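The exercises below go with the model shown next, and each is followed by a solution that proceeds step by step. Please attempt each task before reading on.

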Amino acid sequence: MNEIKWVVIGIIILLNINLVVCNCEHSYSNDGTGIWTGHKNGVSYNNDGDHTLYVTSIYHITYLHGYCRYHRWYYSSNCEDWVLYSSGEGSCPTYTGYKYISKNYALLSGKAHLASGGQSSGSQYDDYYITSIITENPISEYYITGYYDCTDWVKIYHKTSDDNYIWEATNDTGIYNFSILSTVEYKLIFSDGHEYEFTCNGSDMQYDYDACNYGIINLYDNCANLLINPFIVVYNLDDNMNIVYSGHNNPVTFLSSDVDENDKLDVIWSTWQGTFQKRCFAQFDYPINLYDQSIYWNLGIHVWDENVYQCPDALVIYDQDCIINGYPKRNGFTDLLGYIEFTQCENDNGNLTVDKTGYKSLNVEVVNTFDAQTKNYGINVFLEPDNSSNETDWSMVNDSWNDTNMTEMPENMDEGIEYTMLLYFRDPDGYKTNCVLSNTSYVRCFYGIKYPAPVNMQLDFERSLNGLGYTTLCSYPYSIDNNSCGYWEINNSYFSDPDYIYRAHIYDQTDEYIGRHAYLRVVAAPEEQNYTAFAIFDPDEPVIDYREYIKGRVFANATSGSLPDLSLEIYDESDLIEYFNYTQSDFDSYGFAYWLLGYNYTLHHNYTLLLKNDDGDIVSTAYTYAEDIRGNRLTVKVIDPSENPLDHSYIFLKDYGRIPTNNQCYGTFENLSNQDYYYKAEKGGYRSTGWDMVSPVDEDTSVTYTLIPESPVYQNRMTKTDVKKLYYPFMYILLIIMLVGGLVHVFN
């Protein structure tokens, strides 16, 4: 036997077989579940026999070359007579990485040891770990997937029992898919240092990571809501008008690899209103926010009952936190088709309240997703009948007689009717109505009471701005008893404003539950637009030099009648910086009114003009962008010591050239940079004082230059013209003297 023993030992040595045996000193006295990691020698585990447990192992090899390893679970009550469960052996492939092995092997009672063994056929492993998860139920394998951008790779690690992390795999394709086990803690590490820790919760998982440095352009409406589906084109003006983006996404994103910091961008977008343009500079530290100050939406509301019949005269209140422009009406009554429309709506949710006698009040949130390419939207709402009324609910009593003018009580009531109450309006033509124009001269409120017990009725005319609280405007001056009828004439001064909701309210002064309402809807009298108006910047250009003063003009002309009041709002980006109000007397005979702010534009800012009428509706818009177009401007005015302007002078700018003064005695140089410039002026009869210096810095500069008159002798010398004027007389005199001298000589 001894000989056989030594033969076996010799064969093992020759084959370099490495068998790892149980190390009882490293056993874990544990009868529960958990995660344990063994380094090289594996893990020992005691099972008390009260549980049937399962083991799933992660076998990780840092480097293995030509060395075939396998792992085994051994079971025994002592460190002898092991029972072998193996993951299998075979050929020796080259493998680097991790594997999940020995999945869901049941552990019997006693001591179990997870070990590693192998057979060498070349160089051996550098290092390996075995992590075992012991649970009461089998463990399943899941996956974590995702994409990553602007980073080179991602690695996955699992956490060990000693709170270390063991690498499992690496992905460098941009889209990863890693196997994971439930209850195990993992960590993803990306090449830029970003980490994500997670625990598999028994389902597939996803984690995306975008490490790119994006620039963002947000395009908002005037209430700071992102526009939906605008068509946006972004040009890079510093890169040969290269198109940075074109499409319907909002926000717009661009990469730092495509656009440099502070590149000048031209942003053009199209909506149902048309095409607009603003400019900005590329930045990556925070978003670029641009505003379309004029876009709005109309929301039509159609009210129906449960039988899909139209509900006219339903009170509709539509409330939003912000209104795009002006102060349009946010409440009113549906027309004969059960329809009402609200304008200047923002692209945000609103609260809708609908009330109608005989129906339950409706209060819902309207979720708006207005498209920038569509102006008009509509919704349908349905009212449920209110069946909770009884004979003491006076808001639901029947109109039990059909009168002509409600001046006499009916002699005979319908059988079974013990009471009734009528309340309604008639227009000046005598027609029963619940809607009048704002210029209607008066309405008559008719009432009728038939009640078996004494009542002390009060009739009021009330109004409310939002339908939530009413103010009494006037009261019927006479008493109304339990068996009476009549009418009350209410003149236009009480209901001329269409922004309010009006109603007549008749009620018992001792019991307000005995009563009813009659609503009166007031519609603004139609007015044809009898004027033309627009506002422009001066100069009227889409791009203007930022050194110019902010100024412009408004044109308005009434084709008939009088001109409505107008208001002009001036925006620097999204900030309102100034506004002007105009009446007809503010415009000159040509129809223009001029405005000037007295300070310059801000470089690389967008400016907007909104011209509105007295209803708050936008009449005209104008846009411009402040840019460095012409460089600095230098204006030189030439004067004498008495500050009198000198015409016909020349102005010299050193290393630049000369220009003559204009008829106002000054000259202007443009396209000057931020540096020192030397200038002087010259004129005949005047002496220059030499070169003066000016240093413009991002601004236009105006200076004066004084010329000194020459001395009096120099100033009074004869000109060539004067000499020519004296030449002929002088020659005649000289000729006469010569003739006289010749005659004297002859006579002598």
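**Exercise 1.** Decide whether Phe370 is buried or exposed, and then characterise its ring pair with Trp297.

*Solution.* In this predicted model, Phe370 has a relative accessibility of 2%, and because buried means under 20% relative accessible area, Phe370 counts as buried. Trp297, with 0% relative accessibility, counts as buried by the criterion of under 20%. The next step concerns geometry, since a pair of aromatic rings is described by the distance of the centres and the angle of the planes. For Trp297 and Phe370 the ring centres lie 5.5 Å apart, which satisfies the limit of 6.5 Å for a pair, and the planes meet at 25°, so the pair is stacked, given that planes under 30 degrees apart count as such. Finally, the pair is placed along the chain: Trp297 belongs to strand E26, whereas Phe370 sits in the loop between strand E31 (362–366) and strand E32 (376–382), so that distant parts of the chain, 73 residues apart, are linked. This is one of 36 aromatic pairs that the structure holds.

**Exercise 2.** Identify which residues of the largest nonpolar core touch the most other members, and which strand gives the most to this core.

*Solution.* The largest nonpolar core has 41 residues, and those touching the most other members are Ile217, Val234, Phe254, Leu265, Ile301, Val303 and Val354. Strand E26 (residues 297–304) gives the most to this core, contributing four residues. To examine one member in detail, leave aside residues up to four places away in sequence; Leu265 then touches, among others, Ile217, Val234 and Phe254, as well as Lys278 and Arg279. Apart from this core lies another one of 25 residues, including Met421, Val436, Val455 and Ala504.

**Exercise 3.** Work out which strands stand at the edges of the open five-stranded sheet and what this implies for their sides.

*Solution.* Begin with the order of the sheet, E43-E49-E48-E45-E46, in which the pairing is mixed. Strand E43 (543–545) and strand E46 (575–582) each have a single partner strand and therefore stand at the edges, with one side of each left without a neighbour in the sheet. Neighbouring strands of this sheet are turned against each other by 25° on average, with direction ignored. The partnership of E46 with strand E45 (residues 566–572) is antiparallel and runs over seven bridges, and within it Leu568 has Phe580 of E46 as its bridge partner.

Definitions and conventions: Residues are numbered from 1 along each chain as its sequence is written. This is a predicted model: local features need pLDDT of at least 70, side-chain atom pairs count only at pLDDT 80 or more; totals for chains, interfaces and linings use all residues. Side-chain values use heavy atoms; hydrogens and water are left out. A nonpolar core is a set of buried Ala, Val, Leu, Ile, Met, Phe, Trp, Tyr and Cys residues joined through side-chain atoms within 4.5 Å. Buried means under 20% relative accessible area, exposed over 50%, partly exposed in between (1.4 Å probe, protein chains only). Helices (H or I, at least four residues) and strands (E, at least two) are DSSP runs, numbered from the N terminus. Contact means heavy atoms within 4.5 Å. Two strands pair if DSSP finds at least two bridges between them. Axes are lines fitted to C-alpha atoms, for helices over the stretch in contact, and angles run from 0 to 180 degrees between N-to-C directions. Rings of Phe, Tyr and Trp (its six-membered ring) pair if their centres lie within 6.5 Å; planes under 30 degrees apart count as stacked, over 60 as edge-to-face and the rest as tilted.
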